[in-house]
Amino acid sequence: MSARALVEGEYHSASAIRDVVPGLVPKAIGWGSYGSGESEVHFFLGDFHDMDLSTAPEPQAFMSQIAALHQEGTSPNGMFGFPVPVVLGKFQRTVKWETSWAKSFTHQLEDVIRYDNETNGSWPEYDTACRQLVSVVIPRLLGALQSEGREIKPALIHGDLWENNVGIDMETGETVLFDPGSTYAHSEMEFGTWRCTWAFYFNSPIYMRLYQRQIEPSEPVDEWDDRNRLYSIHPYLNDSAGHPGSVSRQLAYNDMLYLCEKYGPSDALEKYDPTKDVSVTGAYVPFTIHQLE
């Protein structure tokens, strides 16, 4: 991870979000660097908020804010990407500008596949599934969003929107998001982590129901759930890369098998196992947070 990318990316992410939905994130005051002996130190400064981190945001107001972020946070050049590198967890994501959303997401997924392999080592069956997902499934599933006359608009997303990055301001009672790693993406990517095993209130259907009343699923609508499954693989592998031996790698692998069976069948792959599918079993696995070193 680049420490500079961590602080610079958060500054630009928070600034972009606040420009669109004032008050949704703490005000980003600045970032910078200074020398300390032989080391270079990078820092980020933002407004302090005393927050309750145990209370879920009120669904109607919160999802209206997220919809506004996605609708009004428009890419400066009409492309997918972000002006500066950003960090998710402790891993830098590739956000170079692309006109194709399938290519843009592929960059980000290949990042976490690489980080995961560096942490957990090679796994031949998994490596085969990754290659099939990247070469066949993504071009088909995400390519459909920008084919046959269909278009999607790059939307500003928070980039790491899960329960432990959301608080309620103790003074105002307003919902506050923090720790963004934004990019201009397909808006549905925002919700991949809500499918993961650690979701504990964002997996309640009321949040997505209210959001979709304002922003309908992209066409093809009947592939929304499959796209959501694909987008969940990114946070699963980011988690696996940061936590050696995490169950997230196996869960992501099983989701890959499901998608490959549907969009890119291959005799070289193992079979999808519904007993390991959280959307079938409803399993919950608490997320473990480790401080960055």
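**Exercise 1. Identify which residues lie nearest the centre of the second largest pocket, and determine which elements supply its lining.**

Solution. In this predicted model, begin with the lining itself: 19 residues line the second largest pocket, and those nearest its centre are Trp194, Arg195, Phe202, Asn203 and Asn228. Next, take the volume, which comes to about 370 Å³. Then assign the lining to helices: α5 (205-212), α6 and α8 (278-281) each contribute at least two of its residues, and α6 provides the largest share, namely three residues. Finally, sort the lining by character, which gives 11 nonpolar residues, six polar ones and two charged ones.

**Exercise 2. Find the cavity of 30 Å³ or more in the structure and describe what surrounds it.**

Solution. The structure holds one cavity of 30 Å³ or more, and the space in the largest cavity amounts to about 40 Å³. As a general point, empty space left between atoms is revealed by rolling a probe the size of a water molecule over them. The lining consists of Leu6, Gly9, Glu10, Val86, Val87, Asp179, Pro180 and Gly181. When these residues are assigned to elements, α1 (3-20) and β4 (86-88) are each found to supply at least two of them, with the largest share, three residues, coming from α1. By character, the lining of this cavity divides into four nonpolar, two polar and two charged residues.

**Exercise 3. Locate the largest nonpolar core, name its residues with the most contacts, and state which helices build it.**

Solution. The largest nonpolar core comprises 40 residues, and the ones with the most contacts inside it are Trp101, Phe105, Leu142, Leu230 and Ile233. At least two residues of this core come from each of α3 (101-120), α4 (124-141), α6 (224-242) and α7 (248-263). To see how one of these residues is placed, follow Leu230: leaving aside residues up to four places away in sequence, Leu230 touches Phe105, Leu133, Ile138, Leu141, Leu142 and Leu259. Apart from this core lies another, of 33 residues, which includes Leu24, Tyr201, Tyr207 and Ile215.

**Exercise 4. Work out how strands β1 and β2 are joined, and examine the turn between them.**

Solution. First establish the direction: β1 (residues 28-36) and β2 (residues 39-46) run antiparallel and are joined by eight bridges. Then check individual positions along the pair, where Gly30 has Leu45 of β2 as its bridge partner, while Ser33 stands opposite His42 in β2. The last step is the hairpin connection, which has two residues between the strands, and here Gly37 takes a positive phi near 65°.

**Exercise 5. Give the strand order of the open three-stranded sheet and decide which of its strands are at the edges.**

Solution. In general, the strands of a sheet pair through backbone hydrogen bonds, in either a parallel or an antiparallel sense. In this open sheet the order is β3-β7-β8, and the pairing is antiparallel. The edge strands are β3 (51-52) and β8 (175-177), since each of them pairs on one side only. Turning to one pairing in detail, β3 and β7 (residues 166-169) are linked in the antiparallel sense over two bridges, and the bridge partner of Asp52 in β7 is Ile168.

Notes: Residues are numbered from 1 along each chain as its sequence is written. This is a predicted model: local features need pLDDT of at least 70, side-chain atom pairs count only at pLDDT 80 or more; totals for chains, interfaces and linings use all residues. Side-chain values use heavy atoms; hydrogens and water are left out. A nonpolar core is a set of buried Ala, Val, Leu, Ile, Met, Phe, Trp, Tyr and Cys residues joined through side-chain atoms within 4.5 Å. Buried means under 20% relative accessible area, exposed over 50%, partly exposed in between (1.4 Å probe, protein chains only). Helices (H or I, at least four residues) and strands (E, at least two) are DSSP runs, numbered from the N terminus. Contact means heavy atoms within 4.5 Å. Two strands pair if DSSP finds at least two bridges between them. On a 1 Å grid over the protein atoms alone, a cavity is a set of points where a 1.4 Å probe fits but cannot get out, and a pocket is an open set with protein on both sides within 12 Å along at least five of seven lines; lining residues have an atom within 4 Å of a point. Grid points are joined across faces, edges and corners, and a volume is the space filled by probe spheres set on the points. Ala, Val, Leu, Ile, Met, Phe, Trp, Tyr, Cys and Pro count as nonpolar, Asp, Glu, Lys and Arg as charged, and the others, Gly among them, as polar.
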